[in-house]
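Student: Please take a close look at the charged side chains here, and go through their pairing, their burial and their surroundings. I would like every term to come with its cut-offs.

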Amino acid sequence: MNYQVFSTYDALSAHASQFILDYVRQKPTATICVASGETPLLTFQKIVANAKPEDFEQATFVALDEWVGIAPDNAGSCRSYIDSPLITPLGIPAERVSFFDSLADDLEAECQRVNDFIASKGGLDIIMVGIGMNGHLGLNEPGTSFDTYAHVSKLEEVTASVGQKYFQSETPLTHGITVGLKHLLEAKVAIVLANGEKKKGIIQRVLEESVSEKLPASALKLHSNSYLWVDSAANPA
Ligand code: PGA
C-alpha cells in the first residue's frame, strides 16, 4: 500500500483526477469503479473539467454501492452522487455504466447481475473509493469477508447515522448493496481517498493496524498496486 499525503483537498483531487485521465488515455477501454459520497466530488469535477471528448468514448463505469430501498432519483442516493457530477456531464451511455438497482425484488440476483457485468469487462481496472468512519470501503462493513464479490450488507449504526448527511430529511438506512472486497483485491489498481480532520482517526488505524476483516480498508495492504491518498488534514502524523 502506497501512502501519500497531499497539502490540500484540491491537490489530492487534482492528483486522483489526473491518475484516472492518464489511465484511460493509456487504456481507453478501462473499467473504473467509482464511489459515491463527498470525498470524490472534487475529483469528479476535475475529471469532467479536464477530459478531452475522446477520453471516455470506450471506458466503462461501475458504481460502487447503493442504499437498499432508496430510489435512484432520490438526491441522496449513491447513484445521484455519481450520475450528476460525473456520468451525465461525461455523456456516458447507459450500456457503459453499471448502477445497482436497490429497489429490485431479488437483491441476490441484482448482485449476480453486477458481478457478471464486471466479469464481462474482464474485471475492474481501477477501483477508487472513499473510507467510512468505521473503515468500510463501499458498504463493506467491518467483518465482511475479503473473499466476497457483490453482496447485500447490514449497515452498522455509524454508517446509517453518518449516511443521513446525504439526505434532506431523516431516512432509515439499514442495508446496503455493494461491490465486494474481492473485486477490490482483483482490480488492477485500488485507490482509497480521504480528506478532512474527521478521517484522521480511521486513517491512523489503517496505517497502524494489521490486516484484518474487522477493518475492511486494511485489505489495501494485501493488494500489490494500491494507494491511500489523503490530504494533510486527514494525515495523523
Ligand atoms: P464520504 O463517505 O466520502 O461522504 O466521507 C465515505 C464513506 O462512507 O465511504
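Tutor: R79 is a suitable place to begin: with a relative accessibility of 28%, R79 counts as partly exposed, where buried means under 20% relative accessible area, exposed means over 50%, and partly exposed lies in between (1.4 Å probe, protein chains only). The model is a predicted one, in which local features need pLDDT of at least 70 and side-chain atom pairs count only at pLDDT 80 or more, whereas totals for chains, interfaces and linings use all residues. Residues are numbered from 1 along each chain as its sequence is written, and side-chain values use heavy atoms, with hydrogens and water left out.

The side chain of R79 meets that of D83 in a salt bridge, with N to O at 3.3 Å; the term stands for a side-chain nitrogen of Lys or Arg within 4 Å of a carboxyl oxygen of Asp or Glu. Because D83 and R79 are four residues apart in helix α3 (residues 78-90), they are separated by about one helical turn. Helices (H or I, at least four residues) and strands (E, at least two) are DSSP runs, numbered from the N terminus. D83 has a relative accessible area of 18% and is therefore buried, whereas its partner R79 is partly exposed.

The structure holds 10 salt bridges, and another of them is formed by D147 and K182, whose closest N and O atoms are 3.1 Å apart. This pair links distant parts of the chain, since D147 sits in the loop between β6 (126-129) and β7 (151-154) while K182 belongs to helix α6 (residues 181-186), 35 residues apart. D147 counts as exposed at 53% relative accessibility, and K182 counts as partly exposed at 24%.

E209 and R205 also bring their side chains together in a salt bridge, here at 2.7 Å from N to O. E209 is partly exposed at 31% relative accessibility, and R205 is likewise partly exposed, with a relative accessible area of 31%. Elsewhere, salt bridges that share partners join K27, D125 and K188 into one network.

D231, which lies in strand β10 (residues 226-231), is a buried charge without a salt bridge, and the nearest side chain of opposite charge, that of K198, is 8.8 Å away. For such counts Lys and Arg are positive and Asp and Glu negative, with His and the chain ends not counted. A polar atom of the D231 side chain does, however, lie 3.0 Å from the backbone nitrogen of G196. Among the other charged residues, K46, placed in helix α2 (residues 41-50), is buried with a relative accessible area of 18%.

On the surface, D101, D105, D106 and E108 gather in a patch of negative charge. Patches are made of residues with over 30% relative accessible area and no salt bridge, like charges being joined within 9 Å and nonpolar side chains (Val, Leu, Ile, Met, Phe, Trp, Tyr) within 5 Å. The place of a charge is taken as NZ of Lys, CZ of Arg, CG of Asp or CD of Glu. Of these patch members, E108 lies in helix α4 (residues 107-120) and counts as exposed at 54% relative accessibility.

The surroundings include a nonpolar surface patch as well, formed by M133, V158 and V162, with about 190 Å² of accessible area together; accessible areas come from the Shrake-Rupley method with a 1.4 Å probe, and for residues only the protein chains shown count as cover. V158 is found in helix α5 (residues 157-162) and counts as partly exposed at 30% relative accessibility.

Finally, S77, in the loop between β4 (65-67) and α3, counts as buried at 0% relative accessibility. The side chains of S77 and S80 are joined by a polar contact of 2.9 Å, the term meaning a pair of N or O atoms within 3.5 Å, of which, within protein, one must be able to donate a hydrogen and the other to accept it, while residues adjacent in sequence count only if both atoms are side-chain atoms. G69 occupies that loop between β4 and α3 too, and counts as partly exposed at 48% relative accessibility.
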